[in-house]
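Got the viewer open? Let's walk through this one stop by stop, with a selection to make at each.

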Amino acid sequence: MTKMFSRSSFSAGSLALLVAASACGDSSTAPGGETEIISRVTLTLTAPGGAVQTVYVDDADGNGPTAPSAQVGTLTLARGVTYTGAVKFENRLVNPIVDITTEVRAEANQHRVFYTVTPTGVTLTTTDLDSQNRPLGTTFTKAVAATAAPGAGTVRVLLCHYDSAVKVGTATSCAGETDINILFAATIAN
Amino acid sequence: MQPHSSRFNCASFYVCVLLASPSGVAALAAAPLHAQTAPHGPERHVHGIVEDSVTGRAIEQADVIVEIAPTTRTAAGATFRKRTDDHGRFDFLDLPATIVTIRVRAIGYVQDVRTLDLTSSDRLITVHLIAATNMLQEIAVRADTLAERLGRVMATSTLNAAALSKTRGQTLGETIKNLPGVALIQFGPSIAKPVIRGLNSQRVLVMNAGMKQEDQQWGTEHAPNIDSFDASSVTVVRGAATVLYGADAIGGVVRVDQAAVPDTGRLHGDVAINLFSNSRQGALSMGAEGGQLRLPVVGTTGFRVRFTSRAAGNGAAPDYYLSNTGFRELNGSATLGVARSWGTADVRLSRFGTELGVLRQAHVGNAEDLQRAMTTEPTDSAFSYGIGRPNQRVEHTTLRVRTTFALPRENSVEVVYGLQYNHRREYDNHGPLRFRNEPAFNLKLFSNSLDVRWTHPRWNGLRGTVGTSALAQGNQTLGKAFLIPGYDLWQTALYAQEELVFGRVSVNAGLRGDVISQTTIAYADLGIRSAAGTRSWKNGSGSLGVAYVLADGLDVSVRAARAWRPPTVNERYAQGVHHGTAQYELGDATLQSERSMGLETTLRFRRPSLHVDAAAYSNTIGGFIYLQPTQPVLTIRGAFPGYRYTQTSARLRGLELSSSWTPAQHLEITTNGTLVRGTDRTHGGPLFDMPADRVTVAARVTGSRAHLGSWFVGAGSQMVRRQDGVPAGTVYTLPTAGYALMQLEAGSTNVVLGSHHVDISLSVNNALDTRYRDYLSRYRLFVNDAGRDVVARLTMPF
């Protein structure tokens, strides 16, 4: 047989490459996760006298398909009272728990919280601002008029994120991407 | 080697008939099979065909000399000489009924000498000539004759180097989109996924440089990571070609091939520049090759290198720019090859790198955001080369080592080892700024493949290949968000593809058995439902096709094929929002494999001024996997339309017609039509995302002139009919309107520019700047498709 380029060592080499290279295919799933997942939204309302009411909704599987939990806690609001309120966003799926609200405040220019309240007679006004004096919305006041109809009411919390869309001071609804969209129940007492 | 029997009697005549294998369609049709004709007086008839022993191609203009030796009865001998025609055929009438010697000679081949005994009957013979030089290149070609033989029973279309340089588009998909049976799923001008007969992604196998492309092709927005300049031909095979290529070829194959590295010749190459006005793209590609590189130890080596770079900005629809749809590409490849007496060997290293922007409007939060994005006219309408979030970065690196051994008696063995590394990173807009530089998806795919193919010598007219194929693949899922789990995949297969030709009939049969095993790794995060586990599948696929030469220039074929495909990791374990459509997709780990049973028929008609190719098919796929709408998924982000991967019984049927007519010497009129009908047999109604019916008509005038070279001018129209096959479960209103686009082209090859010869071509796509939205476009909910694109291509060989 005429001289070959080491046929046997060539095929041995190929086999060795195959075995060696499959080692660099060590598959793994790094538990990176989406660390900015918001898994709980908490609303806190403080009456002028100091009484605090807290409600929250949990999404225990983060971005998974299980629907968020029902609201935990109740909000009972008296007519003719103006409450001060705050919203808190947390990621409780990691240890230690991450308070996302501080990040939202740190990036205030890219975020805004919108609130929609029912029934008529209830007004919610956000109080905090970002660095360009546009509303942010992590703190607010909620005024329940004396003439507001008693019974069931709602508070919809919308956390909006602006990256490509421009955050405008006078917007009434989200024009960016929605990070949170949760409906809370708040009863108006008689 | 042809058996040189000195006594050609009845028995060996049948052997000759069996060995006759027409490579050209009309080859044997004009040489009617006179089996054992009764001897008619002292005059004998010898006719036959001369072919290349390796490729089976007919050899035209070969010298065939019949010599009759002087005998005691005839004082002098006699010599008759003829040349084979365009189909390699020759014909001698009026030969004496005696023993004659036939010599067949052709340039580049070893002379064939044989004796024929004409005393009792006429003879029909086939002469297989062996190439004298380039024996080794032929052997390298031999492995690719698989595709050629398959082409007799399957519908295939090929773009050769000349066609590629005239029609090369912004992406590989755009380059082949006018071939029959092909549609595209596009994400703007920068991402194009080929759709063959209604099937795409993991049902269309893409091959590059003889290796199956492993570039996470399961994603609809993951376009093939191939440098379209680094190709000497692109072939589209329509229909199930799973026996030769593996389970992914259930819908078809797109093969990107490079010519063999030269083994002789000085350094030469080319520089190509392509400019596209729509996205203000510039592409530059430089390649060089030669056959006389001297390396230590190895000796004389052939080599080829290529380097390509592209830069494009935002695409433009007729009224606005498609924001954030620019892209970049940086690719390179180098091949070294040797040709020796024992065979050939080559090593190829390539790298493909791209960064692409994703249409900003398409990247939405929840269903309400989607509604807003669909109804708002694009406002961010400015041109920019910048690529912002969301964007993707992909690198695909390959190493291929290929050896072909030329063994005695026309055996050849080919061994191909491939190593591929695909790294895909996708960046999105979400999350706090400190995470913005980390990819949302970060997927690394390592694939090792080993293919061994044995092409056995012709045995009683049977010609074919037996091979094994093995794949070891591992995936790492890193990155902030979950898309698919990490997994290991092992695949082995054994297959045989044989062809038997007798007279006008050729039978092509193939059988393949695969074992596939998939091991997934649990994702350590709450709420992600991916279980760890191993699943394996064993199945067989096969095909049987018959081609029949009806008449000179007309042949038909019928083929039945059984194919299967296991569910991919994303179909089993996907979980999360697909941002471009606000769809929440859920996989199903219990999915079974798809099984298809297809019947197809092709017809080929060839005359000097008219070529017609027609194909019809019906493919029933049991367990067809697709995304079915389910109830909305509620998360803290809001509501998303829910979709679940599920299976149904589907049927795909279609028709393809393409023709080329030359009514006058320099005028060519081409037409191309494709029809696809996909039906959900279980629920009734159409399948989701089937391409609409389309017809392309074009006319081209050619000529040539001293310094202008061979020029051409043409115009054409692509007409797409309204898509009325939209399934009931579709959540959003999809664009179904039909449209027509006009195309113009002009150019010339071999134009003299100073001391150089260059090829120039100019195309105008969507010449009338028509506003349209293709049904398959993935930006169809947000923006129109691209407007006018003026393309200039210049290729300068050196």
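A residue is called buried here if 20 or more other C-beta atoms lie within 10 Å of its own. Keep in mind that this is a predicted model. Start by selecting chain B: of its 798 residues, 50% are buried. Switch to cartoon and you'll find seven helices and 41 strands in chain B. Contacts between residues at least 6 apart in sequence are worth a look too, as 65% of those in chain B join residues at least 24 apart.

**Stop one: the domains of chain B**

Colour chain B by its domain assignment: domain 1 takes 10-129, domain 2 takes 135-256, and domain 3 takes 257-261 + 269-797. Now focus on domains 2 and 3 of chain B, whose C-alpha centres are 6 Å apart. Where they touch, 63 residues of domain 2 of chain B are in contact with 104 residues of domain 3 of chain B.

Which elements supply the domain 2 side of chain B that touches domain 3? Those giving at least two residues each include helix H2 (135-150), helix H3 (161-167), strand S9 (182-187) and strand S14 (233-238) of chain B. Select H2(B) before the others, since with eight residues H2(B) gives the most to that side. Colouring this side of domain 2 of chain B by class shows 28 nonpolar, 19 polar and 16 charged residues.

**Stop two: the cores**

Next, show the largest nonpolar core, which has 111 residues. The residues with the most contacts inside this core are B:Ile176, B:Val195, B:Ala241, B:Val253 and B:Val254. Strand S34 (residues 610-635) of chain B is the top contributor to this core, with seven residues. Why does the core lie between domain 2 and domain 3 of chain B? Both domains give residues to the core, so it lies between them.

Centre on B:Ile176. Leaving aside neighbours within four places in sequence, B:Ile176 is in contact with B:Leu159, B:Val182, B:Pro194, B:Val234, B:Val236 and B:Val254. Then jump to a second, separate core of 31 residues; among its members are A:Leu93, A:Val104, A:Leu158 and B:Ile636.

**Stop three: two sets of strands**

Back in chain B, pick out the open sheet of five strands, ordered S8-S14-S15-S12-S13 with mixed pairing. Strand S8 (155-160) and S13 of chain B are at the edges with a single partner strand each, so one side of each has no neighbour in the sheet. Zoom in on S13(B): strand S12 (residues 204-208) of chain B pairs with S13(B) in the antiparallel sense over two bridges. One pair to label is B:Asn208 with its bridge partner in S13(B), B:Met211.

Over in chain A, select S7 (residues 111-118) and S10 (residues 154-161), which pair in the antiparallel sense over eight bridges. The bridge partner of A:Tyr115 in S10(A) is A:Val157. Add S11 (residues 177-185) of chain A, which runs antiparallel to S10(A) and is joined to S10(A) by eight bridges. A:Val157 turns up again here, standing opposite A:Ile182 in S11(A).

**Last stop: a helix in chain B**

Finish at helix H6 (residues 367-375) of chain B, and show B:Ala367, B:Asp369, B:Leu370 and B:Ala373, which are buried. Look down the axis of H6(B): its buried residues fall within an arc of 155°, so they line one face of the helix. To see what covers those buried residues of H6(B), add S11 of chain A and strand S35 (638-664) of chain B, which are both included in the cover.

How values were computed. Residues numbered from 1 in each chain as written. Chains lettered and ligands numbered in written order. Predicted model: local features only at pLDDT ≥ 70, side-chain atom pairs only at ≥ 80, totals over all residues. Domains from an automatic or database assignment. Contact = placed C-beta atoms within 7 Å. Helix = DSSP H or I, 4+ residues; strand = E, 2+ residues; numbered from the N terminus. Nonpolar A, V, L, I, M, F, W, Y, C, P; charged D, E, K, R; others polar. Core = buried A, V, L, I, M, F, W, Y, C linked by C-beta atoms within 7 Å. Buried ≥ 20, exposed ≤ 12 C-beta atoms within 10 Å, placed from the backbone. Pairing = 2+ DSSP bridges. Arc of directions from axis to C-beta.
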